[in-house]
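Please open the model in your viewer and keep the selection panel at hand. The stops below say what to select next and what is there.

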Amino acid sequence: MKTTFLLIVGFLWSGSGIKLQEKSIIKPAENILCLNTDTRNYYRINDNGIYIYSGSENKKAGKHEFFVAQEKITPTGLWMTLSPMDSVRKYYKQGKFPLSPVPKNNPTQKPVKKGKLSGIRIALDPGHIAGDRATADLERKIVPIEENKEKGILNATVIEGVLTLATANHLKELLEKEGAEVLMTRDKPNVASFGMSFGDWKAKKFKSHIDSLLKRGEISKKKYDFYRLRAREEIIFRDLFLQEDLKERAKLINAFKPDIALIIHYNADEKNTDWIKPTKKNFCMAFVPGGFSGNLLQKQEYRIHFLRLLCSPALSLSVKYAGIICREFEKTLDVPLARSSDAEYLQETSVFTGEPGVFARNLALTRLLTCPLVYGETLYQDNEKEYLNLDHTRFGQGQTPQRVMDVVNAYYSGVLKIFSK
Ligand SMILES: [Zn+2]
């Protein structure tokens, strides 16, 4: 059945009993939201509802900072999902949410084109920014394989930002042909989601940006002076420019209110230092929201995200959609799906969701987006069989490698399986 996220949340809100809610949403959500036992110091769920605490002492003393009554859990999740984070934050601090009226979804602006995906909104986020060697070196999202004739290894330059943008561009075309309305968070090499290159931003926005961070108390005077006077280019790029870009991506996607957001990345072997040699390893995987450590929940901002994810149907939809898309990765690319033991970050900072290849992990874009999302990590760019096929300098201008088209097709068939009749 063709349906949309808003129809689903609307149905859950109006149509079904709370017991079902607890079984179908809260229980699995709780399991993948908690990275470790410390996380449980910050909340309690019982027959009355959900309690959020600012720490274990307050939990022991029964002093909650926020409470959602059982009968309000679904409307609260829906309200938090559809409201801008600024107003969620404001009401959380006051201790309660206005549950009515729920903000309306934006009406579709473009004329609806007929197709298997008509009426479906899809946000595409091509990961990273770099479109050339210099920017990729700053971003450190580059696989610069060094030639080794004895071992039959050829020189190659694989830039993740080039691959993700090519993937998103082709995917957009296919999805729009089937009537989907598509948002891209960035569409030009080296240009951030707020429409500026690093050079432009540094010249025009950097100073006012650090001024406002200082004013809001987000950085100390010492840190401010460091950024202003001594920080190297790549520190400013990664600490400030990229962080601003991620926040803007989340803002754009949340304002679009899509049925699904696809965050497109390519992976690499974490143990392969500087990626100058090829690796034998190759896996695909996908991330969804979750994996909050107790440490993180010391900050109220994270507790707000935790509560939203606990009540929102977006989390269970993300797991379901990511499972479908991972099966397409495995089938189309003929690369195995990762298990927890295949990478340290899967073991230490992620929670296995029960869907093959799908892990809950607290990344900026899994935390800040309120819609169902799939954060895809296809292929190891430094894999011995992949790297030459992913080096854009080996292909003619405007040519997309077949291996990238395989990734496009994997996402595309996954989306068709999720949304078409
Ligand atoms: Zn990436």
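Which residues in α13 meet which residues in α16? Before selecting them, bear in mind that this is a predicted model. On the α13 side, choose Y321, I324, I325, E328, F329, T332 and L333, and you will find that they meet D406, V407, N409, A410, Y411, S413, G414, K417 and I418 in α16. By class, this contact of α13 with α16 is made up of nine nonpolar, four polar and three charged residues.

Now show both helices whole, α13 as residues 313-333 and α16 as residues 402-419, and look at their axes, which come within 8 Å and cross at roughly 140 degrees. An angle over 145 degrees would count as roughly antiparallel, and α13 and α16 are therefore described as oblique to each other. The crossing in which α13 passes α16 is right-handed.

Keep α16 on display and add helix α7, residues 160-177, which packs with α16 at an angle of about 45 degrees, their axes being 9 Å apart. That angle makes α7 oblique to α16, and the crossing of these two helices is right-handed. To see the contact itself, select L163, A166, T167, H170, L171, L174 and L175 in α7, which meet V404, M405, V407, V408, Y411, Y412 and V415 in α16. Sorted by class, the contact of α7 with α16 holds 12 nonpolar and two polar residues, and no charged ones.

The next stop is the largest nonpolar core, which has 110 residues, and in which I122, A286 and V288 touch the most other members. Centre the view on V288 and, leaving aside residues up to four places away in sequence, look for the residues that V288 touches: L315, S318, V319, A322, T353, V358, A360, T366, L373 and Y375.

Move on to M184, which lies in strand β7, residues 181-184. Is M184 buried, exposed or partly exposed? With 18 other C-beta atoms within 10 Å, M184 is partly exposed, because a residue needs 20 or more to be buried. Again not counting residues up to four places away in sequence, M184 touches L124, A168 and K172. If you also select F237, you can draw a C-alpha to C-alpha line of 22 Å from M184, for a pair that is 53 residues apart in sequence.

For a pair with another separation, go to K251 in helix α11, residues 233-256, and add L368, which is 117 residues from K251 along the chain, while their C-alpha atoms are separated by 8.4 Å. K251 counts as partly exposed, with 17 C-beta neighbours inside 10 Å.

The last two stops concern the backbone. Most residues other than glycine have a negative phi. Select R140, in the loop between α6 (133-139) and β5 (142-145), where phi is near 60 degrees, a positive value in a residue other than glycine. R140 counts as partly exposed, having 14 C-beta neighbours inside 10 Å. Then select N190, in the loop between β7 and α8 (198-204), which has a positive phi of about 70 degrees although it is not a glycine. N190 counts as buried, with 20 C-beta neighbours inside 10 Å.

Note on methods
Residues numbered from 1 in each chain as written. Predicted model: local features only at pLDDT ≥ 70, side-chain atom pairs only at ≥ 80, totals over all residues. Core = buried A, V, L, I, M, F, W, Y, C linked by C-beta atoms within 7 Å. Buried ≥ 20, exposed ≤ 12 C-beta atoms within 10 Å, placed from the backbone. Contact = placed C-beta atoms within 7 Å. Axes fitted to C-alpha atoms, helices over the stretch in contact; angles between N-to-C directions. Helix = DSSP H or I, 4+ residues; strand = E, 2+ residues; numbered from the N terminus. Parallel < 35°, antiparallel > 145°, perpendicular 65-115°, else oblique. Left-handed = near helix turned anticlockwise from the far one by under 90°. Nonpolar A, V, L, I, M, F, W, Y, C, P; charged D, E, K, R; others polar.
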